[in-house]
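Hello,

Here is the structure I said I would pass on. My notes on it follow below.

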Amino acid sequence: MISEINSFTAYLQEVKHTAKNTEVSYHRDLLQMAGFMEEMGITQVEKVTKTSLNSYILYLEKEGKAAATISRELASIKAFFSYLRSEERRVGKECRSRWS
């Protein structure tokens with residue numbers, strides 16, 4: 001999962017030209033999520049489920065995180081998985097065009 005997070009962070013910097021603070025925040029949020037998932041035995045991004053993400057949000061709430069912090073973490077997670085879906089489509093399209 002870490003390699004996908006690093007790729008996403010590079011994408012934010014190189015393609016989206018986001019602010020450094022945004023990149024750092026997203027990277028930190030996603031590494032924290034990955035750490036939680038690893039504790040649950042989930043080390044591959046493909047194995048993350050809605051249930052495991054809901055567990056992570058409940059964990060953040062139990063830890064006393066502010067609503068704004070949880071909202072930012074959710075934004076980071078949504079952006080990350082959206083990026084993964086777009087990369088999957090891009091790679092799939094490239095493979096189809098090569099083999100068609």
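**Notes on the core and helix H3**

Apart from neighbours within four places in sequence, Met-33 is in contact (heavy atoms within 4.5 Å) with Met-1, Leu-53, Tyr-56, Ile-77, Phe-80 and Phe-81. This is a predicted model, in which local features need pLDDT of at least 70 and side-chain atom pairs count only at pLDDT 80 or more, while totals for chains, interfaces and linings use all residues. Residues are numbered from 1 along each chain as its sequence is written, and side-chain values use heavy atoms, with hydrogens and water left out.

The largest nonpolar core (buried Ala, Val, Leu, Ile, Met, Phe, Trp, Tyr and Cys residues joined through side-chain atoms within 4.5 Å) has 23 residues, of which Met-1, Met-33, Met-37, Tyr-56, Phe-80 and Phe-81 touch the most other members. At least two residues of this core come from each of helix H1 (2–14), helix H2 (20–39), H3 and helix H4 (67–99). Helices are DSSP runs (H or I, at least four residues), numbered from the N terminus.

In H3, the buried residues (under 20% relative accessible area, 1.4 Å probe, protein chains only) are Ser-52, Leu-53, Tyr-56, Ile-57 and Leu-60. They lie on the same side of H3, because they cover an arc (of the directions from the helix axis to the C-beta atoms) of only 145° around the axis. Thr-51 and Lys-62, on the other side of H3, are exposed (over 50%). After H3 comes Gly-64, with a positive phi near 80°.

Regards
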